[in-house]
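Me: I am new to this structure and would like to go through it slowly, one question at a time. Please reason each answer out before you give the value or name.

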Amino acid sequence: MIEKLYDLLNKNNIPEYRFNQIIHSIFKQRIGKYEDMKTLPKNIRELLINEFGSTVYKVKPTLENDSEQVGKMLFELCDGNKVEAVRLRYQRGWESFCISSQCGCCFGCKFCATGTLGLKRNMTAEEITDQLLYFFLSGHNLDSISFMGMGEPLANPHVFEALSLLTTPNYFGLSQRRITLSTIGIIPGIRRLTEEYPQVNLAYSLHSPFDEQRSELMPINKTYPLHEVMKVLDNHIQCTGRKVFIAYILLDKVNDTMKHVEALVKLLKGRGACSRLYHVDLIPYNHTDKTESRFTPSNSNQIQRFRKKLQDAGIEVTVRAQFGSGVNAACGQLYIKSV
Ligand code: SAH
Ligand code: SF4
């Protein structure tokens, strides 16, 4: 909307300060309807409504599964495609938002419900940020944002435009450090992120330290093999001085054995000065009825053994808290029938 808004005002010879007033109404006063922007004369409000519709966001919130701690929102896009976003509230009121970057996903990771959908299309930058605009204008605080909803963010170039909107001071004005992007390892995208958004938190979905197994679970490994990706991540660490998160889903007897954890330790400890900046994020597998039944979550003893091995080797490790699985809003459970 922002770019189109600028053009629209220009075309109609409306002075630039009106643009600033509209931006101020949205991002400072949290006004979501053009008709409520009383600092604007009626004719401008009508022009905006005719051009953009009544609300400043174009995505249509269609269904919400809500609780105090977790909310799952289904957004309908202009062409009827649907995506999901998840809101999490932590203790002390900290709010975190997990947003989608694509309608569906073409990468077909075996354990992921979104992966069974195939790719419908990339979301535009405006659609991506509209998910957040909706929450912001409903009174929520955008304390942290993660690109961990549907789709692979680094396979959609519009994600970079979205990052620009999110970090521009007059718009969302978020610090890069409040944003986390999770990727299966799209090398050109990681390089671009290192260059353009060095402070954005980067998570790499590894899930197996063995090439052959990773290729089986995540076909992208054939295009961007894990050892190549690790070199690019080392470079990211060297250029930015920032931590890189290694996401690792724990699948019972598939990738949670001692052989796996030993290979993972070797992979991460063998990176010279970069080693200390790798942080492993263990993710308990979330059940989905769209993925194969051979995948079940590791039990808590196994998770703890895996965690301890990493910790004993001096690797920073956390086990990701389980939120949202009750409403199918947890990682990997996002799936929309009509996509
Ligand atoms: N496409 C990106 C971001 C979206 S998925 C990526 O894959 O990294 C966000 C995270 O959820 C990834 O780490 C992904 O591997 C993980 N995930 C996928 N399916 C899951 C499942 N069934 N249970 C737990 N985590 C899952
Ligand atoms: Fe796509 Fe990520 Fe799911 Fe893989 S895990 S299918 S890349 S959304």
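Me: Which residue has a backbone N or O atom that lies 3.0 Å from a nitrogen atom of ligand 1?
Reply: The model is a predicted one, and the distances here are computed from its atoms. Ligand 1 is surrounded by 21 residues, and the closest include Ser182, Ser205 and Asn286. The residue whose backbone N or O atom lies 3.0 Å from a nitrogen atom of the ligand is Gly151.

Me: How far is an oxygen atom of ligand 1 from an N or O atom in the side chain of His207?
Reply: A polar backbone atom of Phe111 is 3.0 Å from a nitrogen atom of ligand 1, so that pair falls within the 3.5 Å that defines a polar contact. With His207, the pair is formed by an oxygen atom of the ligand and a side-chain N or O atom, and the distance is 2.6 Å.

Me: How much of the area that ligand 1 exposes when taken alone does the protein bury?
Reply: Taken alone, ligand 1 exposes 530 Å². The part of that area which the protein buries is 96%.

Me: Which elements give two or more residues to the shell around ligand 1, and how do the residues of that shell divide?
Reply: The elements that give two or more residues are strand S8 (179–183), strand S10 (244–250) and strand S11 (278–284). By residue class, the shell around ligand 1 divides into 11 nonpolar, 9 polar and 1 charged.

Me: Which residues surround ligand 2, and how many of the residues in its shell are charged?
Reply: Ligand 2 is surrounded by Cys105, Phe107, Gly108, Cys109, Cys112, Gly115, Gly151 and Ile184. Gly151 is also listed among the closest residues to ligand 1. The shell around ligand 2 divides into 5 nonpolar and 3 polar residues, and the number that are charged is none.

Me: Which helix gives the most residues to the largest nonpolar core?
Reply: This core holds 105 residues, of which Leu233, Ile246 and Leu310 touch the most other members. Leaving aside neighbours within four places in sequence, Ile246 is in contact with residues including Tyr204, Leu206, Met230, Leu233 and Leu268. The helix that gives the most to the core, with 8 residues, is H4 (residues 125–137).

Me: Is Ser25 buried or exposed?
Reply: Ser25 lies in helix H2 (residues 16–27), and, not counting residues up to four places away in sequence, Ser25 touches Arg30, Ile31, Met37 and Thr39. Because the relative accessible area of Ser25 is 1% and the cut-off is under 20%, Ser25 counts as buried.

Me: What is the phi of Arg92, and why does that value stand out?
Reply: Most residues other than glycine have a negative phi, which is why a positive value stands out. Arg30, in the loop between H2 and helix H3 (42–52), has a positive phi of about 55 degrees although it is not a glycine. Arg92 is found in the loop between strand S3 (82–89) and strand S4 (95–98), and its phi is near 65 degrees.

Me: How far apart in space are Ile303 and Cys105, C-alpha to C-alpha?
Reply: Ile303 lies in helix H11 (residues 300–312) and is buried, with a relative accessible area of 10%. Leaving aside neighbours within four places in sequence, Ile303 is in contact with Leu250, Leu282, Pro284, Ser298 and Val319. Ile303 and Cys105 are 198 residues apart in sequence, and their separation in space is 28 Å.

How values were computed:
Residues are numbered from 1 along each chain as its sequence is written. Chains are lettered from A and ligands numbered from 1 in the order in which they are written. This is a predicted model: local features need pLDDT of at least 70, side-chain atom pairs count only at pLDDT 80 or more; totals for chains, interfaces and linings use all residues. Side-chain values use heavy atoms; hydrogens and water are left out. Helices (H or I, at least four residues) and strands (E, at least two) are DSSP runs, numbered from the N terminus. Buried means under 20% relative accessible area, exposed over 50%, partly exposed in between (1.4 Å probe, protein chains only). Contact means heavy atoms within 4.5 Å. A residue is near a molecule or strand if one of its heavy atoms lies within 4 Å of it. A polar contact is a pair of N or O atoms within 3.5 Å; within protein, one must be able to donate a hydrogen and the other to accept it, and residues adjacent in sequence count only if both atoms are side-chain atoms. Accessible areas come from the Shrake-Rupley method with a 1.4 Å probe; for residues, only the protein chains shown count as cover. Ala, Val, Leu, Ile, Met, Phe, Trp, Tyr, Cys and Pro count as nonpolar, Asp, Glu, Lys and Arg as charged, and the others, Gly among them, as polar. A nonpolar core is a set of buried Ala, Val, Leu, Ile, Met, Phe, Trp, Tyr and Cys residues joined through side-chain atoms within 4.5 Å.
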